[in-house]
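Hi,

Here is the structure I promised to pass on. Have a look at it first, then read my notes underneath.

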Amino acid sequence: MKQRIGRTLASASLLISCVWVCPGCTPPLGYVTIDWGSVVMQPTFCMYRDPYFQERLSIGSIEVQKARGFSGEKKGWKDSQTVWQLKYKSSDNFITKLLMSPVSCLTYGEVPPGYQEEVRAVPLQPEQLYVVGLDGYDGTDADGLYFIIRLDASGTPDRLEYRLTYFLQTNNPYRKYLKHQSLRLY
């Protein structure tokens with residue numbers, strides 16, 4: 001009887017410790033931004049460990065989707081199309097690993113050594129909403145961002161407007177938040 005109670009307590013202790021410890025075992029959250037040196041029609045996305053953009057992280061994969069129609073918090077996007085997807089493919093060869101290590105910034109449409117295009121880059125269109133998702137090479141999960149290429153009065157692509165997803169309130173349509181944070185790139 002004492003052994004049975006001891007096993008039950010041990011099992012309960014193990015279960016409780018797993019519940020308390022496992023949330024701390026989730027991968028850290030990374031942060032994504034558009035690099036200041038980006039070209040308007042070909043943005044460069046960088047991944048950082050901290051929200052102050054101090055320490056860059058290596059990118060394991062990127063997916064850029066063109067979003068069409070927001071239908072609310074529960075349903076999300078009515079329709080989306082992947083316009084570019086890239087994944088880092090590691091090698092077992094030591095020399096190859098050194099020459100083709102993962103990078104911390106990726107420019108739309110460019111494939112650095114060691115990466116493989118899963119979906120070829122489609123030309124970006126002005127006034128369309130795009131959603132960017134990145135995963136770190138070390139398993140870090142990153143919040144993504146939304147961006148739109150805006151036109152000037154003459155119809156020429158002029159600037160990128162973007163919003164980091166962790167600033168968005170998911171119960172409201174994206175339009176209310178995208179117009180508040182604008183980044184002019186040259």
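Below is what I found, going from the inside of the fold to its salt bridges and a couple of odd backbone angles. Keep in mind that this is a predicted model.

**Strand E2, in the middle of things**

A good place to start is E2, which covers residues 44-48. Is this strand buried or exposed? Five of its five residues are buried, so E2 is largely enclosed by the rest of the structure. If you look at its two faces, Thr-44, Cys-46 and Tyr-48 are buried on one side, and Phe-45 and Met-47 are buried on the other.

E2 also has strand partners. Strand E1 (residues 29-34) runs antiparallel to E2, and four bridges join them. In that pairing, Val-32 sits opposite Met-47. Strand E5 (residues 105-107) is antiparallel to E2 as well, with three bridges, and there Thr-44 faces Thr-107.

**The disulfide**

E2 and E5 have another link. A disulfide is a covalent bond between the sulfur atoms of two cysteines. This model has one disulfide: Cys-46 and Cys-105 form it, with their sulfur atoms 2.0 Å apart. It connects distant parts of the chain, since Cys-46 belongs to strand E2 and Cys-105 to strand E5, 59 residues apart. The angle about the S-S bond is 110 degrees, and the link is right-handed. Cys-46 has a relative accessible area of 0%, which is under the 20% cut-off, so this residue counts as buried.

**The nonpolar core**

Which residues touch the most other members of the largest nonpolar core? They are Phe-45, Ile-62, Val-64, Leu-134, Leu-145 and Phe-147, in a core of 27 residues. E1, E2, E3, E4 (77-88), E7, E9 (145-151) and E10 (157-164) each bring at least two residues to this core. The top contributor is E4, which gives four residues. Another core lies apart from this one; it has five residues, among them Ala-67, Val-131, Tyr-146 and Ile-148.

Try clicking on Leu-134 to see how many parts of the chain come together there. Leaving out residues up to four places away in sequence, Leu-134 touches Val-32, Phe-45, Cys-46, Met-47, Ile-59, Ser-61, Ile-62 and Ala-142.

Ser-61, one of those contacts, is worth a look too. You will find Ser-61 in strand E3, and at 15% relative accessibility this residue counts as buried. Beyond its neighbours within four places in sequence, Ser-61 is in contact with Leu-86, Lys-87, Gly-133, Leu-134 and Asp-135. The C-alpha atoms of Ser-61 and Tyr-88 are 6.1 Å apart, although 27 residues separate them along the chain.

**Salt bridges**

How many salt bridges does the structure hold? There are eight, and here are three to find:

- Asp-138 and Arg-49 pair up with their closest N and O atoms 3.6 Å apart. Asp-138 is in the loop between E7 and E8 (141-142) and Arg-49 in the loop between E2 and E3, so the pair ties together parts that are 89 residues apart in sequence. Asp-138 is partly exposed at 49% relative accessibility, and Arg-49 is partly exposed at 31%.
- Lys-89 and Glu-118 form a salt bridge, again with 3.6 Å between the closest N and O atoms. Lys-89 is in the loop between E4 and helix H2 (94-99), while Glu-118 is in strand E6, 29 residues apart. Lys-89, at 38% relative accessibility, is partly exposed, and so is Glu-118, at 37%.
- Arg-150 and Glu-127 meet at 2.6 Å, N to O. This pair links strand E9, where Arg-150 sits, to the loop between E6 and E7, where Glu-127 sits, 23 residues apart.

That last pair is part of a network of salt bridges linking Glu-127, Arg-150, Asp-158, Arg-159 and Glu-161.

**Two unusual backbone angles**

Most residues other than glycine have a negative phi. Glu-127 goes the other way, with a positive phi near 65 degrees; at 38% relative accessibility, this residue is partly exposed. Phe-53 also has a positive phi, about 60 degrees, without being a glycine. Phe-53 lies in the loop between strands E2 and E3 (59-70) and is partly exposed, at 29% relative accessibility.

Have fun exploring!

How values were computed:
Residues numbered from 1 in each chain as written. Predicted model: local features only at pLDDT ≥ 70, side-chain atom pairs only at ≥ 80, totals over all residues. Heavy atoms only, no water. Buried < 20%, exposed > 50% of the residue type's maximum accessible area, 1.4 Å probe, protein only. Pairing = 2+ DSSP bridges. Core = buried A, V, L, I, M, F, W, Y, C linked by side-chain atoms within 4.5 Å. Contact = heavy atoms within 4.5 Å. Disulfide = S-S within 2.5 Å. Salt bridge = Lys/Arg side-chain N within 4 Å of Asp/Glu carboxyl O.
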